[in-house]
Structure formats: structure tokens, C-alpha cells
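Q: Please take a close look at one short strand and its surroundings in this predicted model. Then work outward to the rest of the chain.

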Amino acid sequence: MNARKEIGRASQFLAAAAGLGLFFAAFNFAALFVPPRREGSSVADDDGRINWFTGDRELAAAAGKRPFHVAMTAMADPYSRWQCRIMYYWYKRAKAAGAGAEEMGGFTRVLHSGEADDLMGEIPTFVVNPLPPGADRGYVVLNRPWAFVQWLERAEIQEEYILMAEPDHIFVKPLPNLVREDRPVAYPFFYIRPAKQEKILRKYYPEEKGPVTNIDPIGNSPVIIKKSALTKIAPTWMNMSLEMKMDNKTDKAFGWVLEIALHGVHHILYKDFMIQPPWDLSVGETFIIHYTYGCDYSLKGELTYGKIGEWRFDKRSYLKGPLPRNLSLPPPGVPESVVTLVKMVNEATANIPGWDDDDDDNSELRSKFEELNELHTLKLIQETEKNYI
């Protein structure tokens with residue numbers, strides 16, 4: 001089955017869509033307010049963001065053992081490879097911890113390159129095809145929903161639940177299955193604001209479906225969802241992602257935040273699912289560290305808000321190949337979240353065999369990522385300084 005045929009098949013889901021269920025984010029830039037939702041209560045943190053409560057911190061305690069499969073979509077470029085290796089290292093560490101890891105099932109790197117690579121002996125991998133040339137319009141993350149469509153159709157997945165994850169995730173501790181009453185669990189992204197883009201969203205989510213505030217402010221990851229539900233949603237997610245990218249006004253308005261799907265699914269919003277340094281200061285009770293933002297500080301430990309600091313950690317500094325072992329630790333005064341991140345990266349790189357050998361000089365690919373990084377950093381500076389300072 002080719003992508004064009006699958007896109008056409010996915011269109012059939014749109015007419016029957018009952019609500020907007022997944023609002024998928026690709027990369028991160030800042031906006032501040034996420035409106036309170038219909039379930040549970042919410043209070044503002046000291047930094048003004050919304051902290052979500054479901055009324056039950058042990059969401060799956062009485063549900064029995066329900067293993068989930070970790071699915072991480074990835075490219076084959078050097079930048080993705082080193083992140084995948086670190087992510088898989090900490091998955092294995094979390095799974096081996098024993099207590100709390102009983103529901104962590106298998107792991108798959110869903111590689112959307114169309115070709116096997118030499119990491120397949122290190123990381124369990126399922127190879128799927130990328131979109132046809134030009135279909136992603138330079139936005140490589142659009143391959144993610146197409147990768148899930150193929151994987152779900154072709155792979156034998158033993159677990160009943162799926163955790164959608166990304167290469168730049170690190171497991172801080174074992175993760176239980178947080179799903180309750182088969183409702184998917186997701187992290188609420190503070191910068192996703194459906195109400196702000198209501199006029200554009202109405203092209204895809206008509207008024208008879210309800211208010212746009214019904215749209216969950218989440219990304220496609222981290223999400224734990226029943227496999228049967230994801231199998232139904234994935235083609236629509238793919239179709240809508242491509243449709244929105246092809247619309248110039250929608251593309252301009254959403255920028256990096258562009259992955260969206262239609263279905264009558266609503267999520268439990270779980271703030272402790274993950275943290276995003278440097279904006280989240282402490283590790284607390286979180287399960288995952290997401291290191292998409294650059295962490296730039298002065299030697300006095302002061303955050304420099306998107307400007308290159310005297311000390312910095314930014315994954316986009318390592319587009320050509322793996323970051324070096326034994327990175328310098330942050331200066332005194334830098335938040336616990338950043339210190340923990342660097343220590344965990346250092347532990348992984350110190351223990352992954354052949355770490356320094358994984359290098360490549362792909363100047364064309366590196367140039368593309370450098371251009372995307374420049375746009376990301378500019379947006380980060382503009383929006384973050386406006387909303388956080």
C-alpha cells in the first residue's frame with residue numbers, strides 16, 4: 001500500500017469524526033495559557049501555567065497489570081540516532097528497576113527511512129517507508145503519523161496499549177500504565193491554545209462538533225492509548241496533518257504546532273507525565289524529561305532566555321553526530337531539572353558501547369536542520385520572553 005492510497009483511505013474517517021481528539025505538537029515554542037478543562041480542577045503554578053489534577057494520582061492502581069508497548073518514531077540521520085540510543089538506554093534502565101516497571105512492555109523504534117541501519121542490533125526496530133518525495137514539504141515530522149499507520153498495520157504488537165514516545169525523551173523512573181477506564185493519558189502542553197486559532201480550526205472542526213475548547217491541548221507524545229483506538233485514529237491523524245500543511249494560512253498560523261487528528265477521544269491530562277527543562281525547574285514526581293528546549297545560562301546560573309549562554313546544553317548543537325561523553329555540569333544555581341538531564345545524558349553516553357563511533361558528514365541534511373533550528377530559536381526567543389519574563 002502506498003502513501004497516496006493510504007491518504008485517500010484516511011479521508012473516509014473525516015466525515016464520521018465525532019470530535020477533535022488529538023492535537024499533536026511537533027516542536028516547541030512558547031505561549032502561556034491553557035484554559036481550564038471540563039474534568040477535574042486546576043490551579044495556576046507560581047509561573048502562571050496551569051497545573052492539572054484528575055483527583056486520583058494513582059490512576060491505574062486498581063486496574064491490574066496492563067502492559068504497554070513503547071513506540072518511538074525516528075529518522076536515520078545522526079541527530080536522531082544519538083537521541084534514540086540515549087532514550088533506549090534509559091528505557092532499559094527503567095524497565096529493569098523492578099518496582100513500578102511491571103507494566104512497561106516491549107520497545108520499538110519505528111524507523112521511517114525505508115531502509116535498515118546498523119542500530120537495529122542495538123535497538124528493536126521496525127522499518128517503514130517515508131512519505132513520497134516532496135509530500136512532507138520539508139517538514140520531516142509529517143512522516144510520524146504515516147509511520148504509525150504502517151507499523152500498526154504490519155507489526156505484531158503483543159501489548160494492548162501503546163506509549164507514543166520521541167527520541168528526546170528520557171525515562172526518569174519506571175512508568176505505570178496511567179490509562180483509566182480506557183481513556184488515553186496525555187501531557188498538557190502549555191503553549192497549545194486552540195481558542196487562539198478558532199477561525200482556522202473551524203475549517204477542520206465545524207461548529208456543530210462543539211466549542212474548540214473541546215480540543216485537548218496535547219502533543220502526539222507522550223500519550224498512552226489503547227492500541228485499537230490508535231489504529232482507528234492514526235490514518236485520520238496522517239490525513240489531517242498533510243491537509244493542514246498544504247493550506248498556507250494554516251501552515252503559517254500553526255508553524256511548528258501542526259499535527260492534528262479528528263476522532264471522538266478525550267484524554268486525561270496528566271501534568272506529571274513529563275517536564276521540559278529549562279522551564280520546569282524540578283524533577284518532582286515526573287516520569288519523563290523532554291529536552292527539546294535549549295538550556296542557556298550564565299556562569300552565575302542565570303537563564304539567558306534563548307540567547308547562547310556561557311554554559312549551554314542544546315540538542316541542536318549536535319546535528320552532525322553524537323554529543324561528546326562527559327559533558328560539563330551546569331554552574332551552581334542552575335535548576336535541578338537541567339542538572340539531572342545532563343547527568344543522565346552523561347551516564348548513558350558513558351555506558352553505551354561505541355558511542356563515539358556514530359558520526360556522519362551529511363552536509364545537506366545538516367543544513368536543513370540548521371535552518372529549522374534557526375527558525376525555532378528565533379520563535380523561542382520572541383514568544384518566551386513575551387510570556388515568561
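A: Histidine 169 sits in strand E8, which covers residues 169–171. Its relative accessibility is 2%, under the 20% cut-off, so histidine 169 counts as buried. What does histidine 169 touch, once its neighbours within four places in sequence are left aside? The contacts are Met87, Ser221, Pro222, Met274, Ile288, Ile289, His290 and Tyr291.

Several of those names lead into the sheet around E8. E8 belongs to an open sheet of three strands, in the order E8-E14-E13. The pairing in this sheet is mixed. E8 is an edge strand, and so is E13 (274–275). Each of these two pairs on one side only. E14 spans residues 288–290 and pairs with E8 over three bridges. The sense of that pairing is antiparallel. One bridge can be named: phenylalanine 171 has isoleucine 288 of E14 as its partner. Isoleucine 288 is also among the contacts of histidine 169.

Next comes strand E7, residues 161–165. Five of its five residues are buried, so E7 is largely enclosed by the rest of the structure. Its side chains split two ways. Tyr161, Leu163 and Ala165 point one way, while Ile162 and Met164 point the other way. Residues on both sides are buried. E7 is joined by five bridges to strand E4, residues 68–74. E4 and E7 run parallel. Across this pair, valine 70 stands opposite leucine 163 of E7.

Helix H3 covers residues 143–154 and contains leucine 152. Leucine 152 has a relative accessibility of 12%; that is under 20%, so leucine 152 counts as buried. Beyond residues up to four places away in sequence, leucine 152 touches Ile157, Lys227, Leu230, Thr231 and Ala234. Lysine 232 is 80 residues from leucine 152 in sequence. In space, their C-alpha atoms are 9.8 Å apart.

Now the helix packing. Met87, one of the contacts of histidine 169, has a number that falls within helix H2, residues 78–95. H2 packs with helix H7, residues 336–351. The angle is about 95°, and the axes are 10 Å apart. Angles of 65 to 115 degrees count as roughly perpendicular, so H2 and H7 are roughly perpendicular to each other. H2 contributes Ile86, Tyr89, Trp90 and Arg93 to the contact. H7 contributes Met344, Val345, Glu347, Ala348, Thr349 and Asn351. By class, this contact has six nonpolar, two polar and two charged residues.

What about cysteines? Cysteine 84 has 0% relative accessibility and counts as buried. Cysteine 295 is buried too, at 0% relative accessible area. The search of the whole structure finds zero disulfides.

Finally, the chain as a whole. There are eight helices and 16 strands. The chain has 389 residues, and 57% of them count as buried. Take the contacts between residues at least 6 apart in sequence: 75% of these join residues at least 24 apart.

Key: Residues are numbered from 1 along each chain as its sequence is written. This is a predicted model: local features need pLDDT of at least 70, side-chain atom pairs count only at pLDDT 80 or more; totals for chains, interfaces and linings use all residues. Side-chain values use heavy atoms; hydrogens and water are left out. A disulfide is a pair of cysteine sulfur atoms within 2.5 Å. Buried means under 20% relative accessible area, exposed over 50%, partly exposed in between (1.4 Å probe, protein chains only). Axes are lines fitted to C-alpha atoms, for helices over the stretch in contact, and angles run from 0 to 180 degrees between N-to-C directions. Helices (H or I, at least four residues) and strands (E, at least two) are DSSP runs, numbered from the N terminus. Angles under 35 degrees count as roughly parallel, over 145 as roughly antiparallel, 65 to 115 as roughly perpendicular and the rest as oblique. Contact means heavy atoms within 4.5 Å. Ala, Val, Leu, Ile, Met, Phe, Trp, Tyr, Cys and Pro count as nonpolar, Asp, Glu, Lys and Arg as charged, and the others, Gly among them, as polar. Two strands pair if DSSP finds at least two bridges between them.
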